[in-house]
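Work through these exercises with the structure open. Each task is followed by its solution.

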Amino acid sequence: MNYQVVIPAAGSGKRMNAGKNKQFIKLQSIPVIIHTLKVFEQDHLCTGIILVINKDEQQEFESLLNEYQLQKVIALVHGGSERQHSVYNGLQEVTNATIVLVHDGARPFLKIDLIHKLVNAAEAQGAAILAVPVKDTIKRASSDLIVNETVERSGLWAVQTPQAFHVSILKEAHELARQNDYLGTDEASLVERIPKNVTIVEGDYLNIKLTTQDDLLFAEAILQKWTT
């Protein structure tokens, strides 16, 4: 089953504290966003990438796409005030596809075999997400940082991207959220409100999202492992 993917890359990345969009940070001399885009460029099931960007950075993104000769980016779309709004804008450019993926631009260590498992699950069930079992003990605390309870870890999953959906289902979920002025934590949280069941496909702990400076240390280590 072929698919198209929406990649939001318009955020400022304040927690990274890099002084620029974290998508442009280089790992082994290649920008993060290029590492991410290359995964989908190399996947024969991917028929198009919709890249959602800050309009003020369009020239820089265009230069990178040209420099690295990426052919599958079919649209550059301007983002909104929130990630959810950016994904909505990108979703409007999805054409000739039954399955759409949404993937973080700053999550460059995705494996193609996981994409295929996810797409197959979404095709069969309508909605599917990558996630990994939570390994750490989880505490629920009050606002003054006093522990209220220890949360039972079994059944808890840390959600990743991509998340995959029938296009019609994700569009319905986004439209409902807009009508209700609801801001979710991810696309799956919108789909859950339709309501529609969301299937978990077990992911990979290396499929990390680069959010803080510490994450860059892990990223370099992963790349070193993959290239040696």
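**Exercise 1. Decide whether phenylalanine 24 is buried or exposed, then examine its ring partner.**

Step 1. Phenylalanine 24 has a relative accessibility of 7%, so this residue counts as buried. The scale runs as follows: buried is under 20% relative accessible area, exposed is over 50%, and partly exposed is in between (1.4 Å probe, protein chains only). This is a predicted model, in which local features need pLDDT of at least 70, side-chain atom pairs count only at pLDDT 80 or more, and totals for chains, interfaces and linings use all residues. Residues are numbered from 1 along each chain as its sequence is written, and side-chain values use heavy atoms, with hydrogens and water left out.

Step 2. Check the partner. Phenylalanine 61 is buried at 1% relative accessibility.

Step 3. Classify the geometry. The ring centres of phenylalanine 24 and phenylalanine 61 are 4.9 Å apart and the planes stand at 50°, so the pair is tilted. The rule: rings of Phe, Tyr and Trp (its six-membered ring) pair if their centres lie within 6.5 Å; planes under 30 degrees apart count as stacked, over 60 as edge-to-face and the rest as tilted.

Step 4. Place the pair. Phenylalanine 24 is in the loop between E1 and strand E2 (26-27), phenylalanine 61 is in helix H2 (residues 58-67), and 37 residues separate them. Helices (H or I, at least four residues) and strands (E, at least two) are DSSP runs, numbered from the N terminus.

**Exercise 2. Count the aromatic pairs, then classify the pair of tyrosine 3 and phenylalanine 40.**

Step 1. The ring-pair rule gives three aromatic pairs.

Step 2. For tyrosine 3 and phenylalanine 40, the centres are 6.4 Å apart and the planes are at 75°, so this pair is edge-to-face.

Step 3. Tyrosine 3 belongs to strand E1 (residues 3-8) and phenylalanine 40 to helix H1 (residues 32-41), so the pair links distant parts of the chain.

Step 4. Tyrosine 3 is buried at 0% relative accessibility. Phenylalanine 40 is also buried, at 0%.

**Exercise 3. Find which charged residues sit over tyrosine 205 and tyrosine 182.**

Step 1. Apply the test: NZ of Lys or CZ of Arg must be within 6 Å of the ring centre and within 35 degrees of the ring normal.

Step 2. Lysine 135 has its charged end over the ring of tyrosine 205, 4.2 Å from the centre.

Step 3. Over the face of tyrosine 182 lies arginine 193, 4.0 Å from the ring centre.

**Exercise 4. Trace the salt bridges of arginine 83.**

Step 1. A salt bridge needs a side-chain nitrogen of Lys or Arg within 4 Å of a carboxyl oxygen of Asp or Glu. The structure holds five.

Step 2. Arginine 83 meets aspartate 104 at 3.0 Å, N to O. Aspartate 104 is buried at 5%, while arginine 83 is partly exposed at 28%.

Step 3. Arginine 83 also bridges to glutamate 187, with the closest N and O atoms 2.9 Å apart. Arginine 83 lies in helix H3 and glutamate 187 in helix H6 (residues 187-192), so parts 104 residues apart in sequence are tied together. Glutamate 187 is buried at 2%.

**Exercise 5. Locate the partners of the salt bridge between aspartate 204 and lysine 111, then name the network.**

Step 1. The side chains meet at 3.0 Å, N to O.

Step 2. Aspartate 204 lies in the loop between strand E11 (199-202) and helix H7 (213-226), and lysine 111 in the loop between E6 and H4, so the bridge ties parts 93 residues apart in sequence.

Step 3. Aspartate 204 is buried at 16%; lysine 111 is partly exposed at 35%.

Step 4. Arg83, Asp104, Arg107 and Glu187 form one network through salt bridges that share partners.
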